[in-house]
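Colleague: Got a minute to walk me through this one? I'd like to hear how the pieces pack.

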Amino acid sequence: MSEAHSSEPRLRHDPPDIPGYQMEDRPAIPIKKLNLLSFPLALPFGVLFYLIGLLLQPDREVILTFSIWSMLILALIVLLLVPIAHEAVHGIVAKLAGAKPFYGVGPGYAYTSFEEPISPRNYMLITAAPLLVLSAICVILFALIPGWFLFILAFAVTNAAGAIGDLWILNRIRHLPSDALIYDLADGYAAFVPEKL
Ligand SMILES: [Zn+2]
C-alpha cells in the first residue's frame, strides 16, 4: 500500500446500504461442505486433465518419475503456487473491473476481496477467471513442456477442484438482474437491486 494515510481495506462482514437499492440476496458460502466436496471433485478433474495432457504429449505417453524432489515440488505447487496464482487471477480481473483488490489468508483458505460494489457481470468474470485462465494456461503448458506433465497436472487439478466455491457463486449469481450491485463479503456476498417504486 503506497498511500500512507488511506485506511487499510478490510474484509467486510456486513454490506453498507446503497441509497435507492434494496438487498436481494445475501448468501453465505457453505465453505466447509464445499471444501469436503472438493476432494471427490478432484477425481473427474484429474481424469479430464490427464486425458487432455496425454493427448498433448509428443509421443502420446507419459513418463512419471517420483523422487523426493518431485514430491517436494508437488507439495509447493498444491500448498503455495496454486493458491497464490488463483487469488492473483481473481485480483487482476477485479482490478480490470475497476475495483481495488486486496488479499488475505484465513483458516485453510486464501481470499481476494474488494470494497467497491460491482455489477453481476463483472463479479462473474472475477469469480470464473482463475478456473478458466489457469486451466487454459495448463493446457498450453502440457504441450510446451512435456517433462513437467505431473506438475502441470497437479496444478490444474488443485486449481479446478479448489474453485468449487467459485462454481457455487457462479451458479447463484446468474439469477441476478444485470442492474444489480454486488458487495464482496467475508463469507459470501450481498446483492442489491434498484428499489421498485
Ligand atoms: Zn477462487
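Modeller: Sure, here is a quick tour of the fold, the helix packing and the core.

Modeller: This is a predicted model, where local features need pLDDT of at least 70, side-chain atom pairs count only at pLDDT 80 or more, and totals for chains, interfaces and linings use all residues. Residues are numbered from 1 along each chain as its sequence is written.

Colleague: Okay, in what order do the elements of the chain run from the N terminus?

Modeller: They go β-α-α-β-β-α-α-α-β-β, with five helices and five strands in the chain. Those are DSSP runs numbered from the N terminus: helices are H or I with at least four residues, strands are E with at least two.

Colleague: At what angle do H3 and H4 pack?

Modeller: H3 (residues 120–144) and H4 (residues 149–162) sit at about 165°, axes 10 Å apart. Axes are lines fitted to C-alpha atoms, for helices over the stretch in contact, and angles run from 0 to 180 degrees between N-to-C directions. H3 and H4 are therefore roughly antiparallel (angles over 145 degrees count as that, under 35 as roughly parallel, 65 to 115 as roughly perpendicular, the rest as oblique).

Colleague: And which residues make the contact?

Modeller: From H3 they include Pro130, Leu134 and Cys138, and from H4 Ile152, Phe155 and Ala156 are among them. Contact here means C-beta atoms, placed from the backbone, within 7 Å. By class, the contact of H3 with H4 has 11 nonpolar, two polar and no charged residues. Ala, Val, Leu, Ile, Met, Phe, Trp, Tyr, Cys and Pro count as nonpolar, Asp, Glu, Lys and Arg as charged, and the others, Gly among them, as polar.

Colleague: What about H2 and H3, what's the angle there?

Modeller: About 130°, with the axes of H2 and H3 8 Å apart. That makes H2 oblique to H3. Val89 and Val93 of H2 are among the contact residues, as are Ala129 and Val133 of H3.

Colleague: Switching topic: how many residues has the largest nonpolar core?

Modeller: It has 36, and Ala156, Val157 and Ile182 have the most contacts inside it. Such a core is a set of buried Ala, Val, Leu, Ile, Met, Phe, Trp, Tyr and Cys residues joined through C-beta atoms within 7 Å. Buried means 20 or more other C-beta atoms within 10 Å of the residue's own, exposed 12 or fewer, partly exposed in between, with C-beta atoms placed from the backbone.

Colleague: Which helix gives the most to this core?

Modeller: H4, with nine residues.

Colleague: And what does Ala156 touch, leaving aside neighbours within four places in sequence?

Modeller: Phe49, Ser135 and Cys138.

Key:
Contact = placed C-beta atoms within 7 Å.
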